[in-house]
Amino acid sequence: QDKILSPGQLELIQTQTISGATARVNFTAIGDYDVHFMTATDMRTENDNKRIGVQFYENGVIEDGSVYDVTSQFGNAASSFTEVQGVNYGSLRWGDNFGSNTNERMNGTAYFYNLRDSSKYSYITHHAVTQSNSNVSCFEYGSGVLKQASYVDGISIEIDGSYNLLGGTLSLYGIRFA
């Protein structure tokens with residue numbers, strides 16, 4: 001295809017734009033990469049103080065049981081800091097404490113590792129900045145793991161607690177290593 005490929009190169013797989021009430025955004029054609037990278041831009045939800053949940057598809061079936069372990073550091077400009085550590089979550093965390101008003105947005109990045117390797121655990125590392133409903137800037141960074149070796153062939157993005165996303169853009173990339 002007349003391309004010069006170099007290690008570490010980002011290759012866009014898919015971009016999805018949310019423009020109305022959407023319960024879940026699915027990326028089911030994720031390509032054959034060892035590492036994936038996702039950006040979230042101007043994400044917003046229909047209710048305040050929500051966070052994105054990330055779930056994986058295993059061989060075409062969404063894994064929504066209590067199979068994820070998470071850890072993250074959350075903080076805000078009002079000098080409140082919280083360390084989150086948990087086992088048996090129903091989803092992975094990404095970007096806590098944002099909502100529905102004009103300035104309440106979430107922007108962030110996430111790396112996904114080993115999704116297509118059935119002999120390894122799949123995991124995420126993430127960073128996000130948000131604006132809370134009390135007009136306080138917040139951040140969250142951390143990681144999480146699907147604590148079973150499996151072949152992951154898709155990524156699902158939702159709002160924890162059965163709420164809808166109202167807007168934003170998600171872009172998924174593969175990182176070329178060879």
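## Basis of the model

Two strands pair if DSSP finds at least two bridges between them. Strands are DSSP runs of E with at least two residues, numbered from the N terminus. Under that rule, strand 4 and strand 8 pair in the antiparallel sense over 4 bridges.

The model is predicted: local features need pLDDT of at least 70, side-chain atom pairs count only at pLDDT 80 or more, and totals for chains, interfaces and linings use all residues. Residues are numbered from 1 along each chain as its sequence is written, and side-chain values use heavy atoms, with hydrogens and water left out.

## Strand 4 and its partners

Strand 4 covers residues 50-58. Of its 9 residues, 8 are buried (under 20% relative accessible area, 1.4 Å probe, protein chains only). The strand is therefore largely enclosed by the rest of the structure.

Besides strand 8, strand 4 pairs with strand 12 (residues 152-159), in the antiparallel sense over 7 bridges. Strand 4 also pairs with strand 5 (residues 61-63), again antiparallel, over 3 bridges. Individual partners can be named for each pairing. Gly53 stands opposite Arg93 in strand 8. Gln55 has Ser156 of strand 12 as its bridge partner. Tyr57 faces Ile62 in strand 5.

## Turns and positive phi

Strand 4 and strand 5 form a hairpin, with 2 residues between them. Asn59 lies in that turn and has a positive phi of about 50 degrees.

Asn49 sits in the loop between strand 3 (35-45) and strand 4. Its phi is positive, about 55 degrees, although Asn49 is not a glycine. Asn49 is partly exposed, at 39% relative accessible area, a class that lies between buried and exposed (over 50%). Asn135 is in the loop between strand 10 and strand 11. Asn135 is not a glycine either, yet has a positive phi of about 60 degrees. At 56% relative accessibility, Asn135 counts as exposed.

## Asp160

Asp160 is located in the loop between strand 12 and strand 13 (165-176). With a relative accessibility of 17%, Asp160 counts as buried.

The Asp160 side chain makes a polar contact with the side chain of Arg51 at 3.0 Å. A polar contact is a pair of N or O atoms within 3.5 Å; within protein, one must be able to donate a hydrogen and the other to accept it, and residues adjacent in sequence count only if both atoms are side-chain atoms. The side chain of Ser91 also makes a polar contact with that of Asp160, at 3.0 Å. Leaving aside neighbours within four places in sequence, Asp160 is in contact (heavy atoms within 4.5 Å) with Lys50, Arg51, Ile52, Gly53 and Ser91.

## The cavity

The count comes to 1 cavity of 30 Å³ or more. A cavity is a set of points on a 1 Å grid over the protein atoms alone, where a 1.4 Å probe fits but cannot get out; lining residues have an atom within 4 Å of a point. Grid points are joined across faces, edges and corners, and a volume is the space filled by probe spheres set on the points. The largest cavity has a volume of about 30 Å³.

Its lining consists of Val70, Thr71, Ser72, Leu92, Arg93, Ile124, His126, Ser143 and Gly144. Strand 6 (68-76), strand 8 (92-98), strand 10 (121-131) and strand 11 (137-149) each supply at least two lining residues. Strand 6 gives the most, with 3 residues. By class, the lining has 3 nonpolar, 5 polar and 1 charged residues. Here Ala, Val, Leu, Ile, Met, Phe, Trp, Tyr, Cys and Pro count as nonpolar, Asp, Glu, Lys and Arg as charged, and the others, Gly among them, as polar. Arg93 is one of the lining residues and also stands opposite Gly53 of strand 4.

Notes. On a 1 Å grid over the protein atoms alone, a cavity is a set of points where a 1.4 Å probe fits but cannot get out, and a pocket is an open set with protein on both sides within 12 Å along at least five of seven lines; lining residues have an atom within 4 Å of a point.
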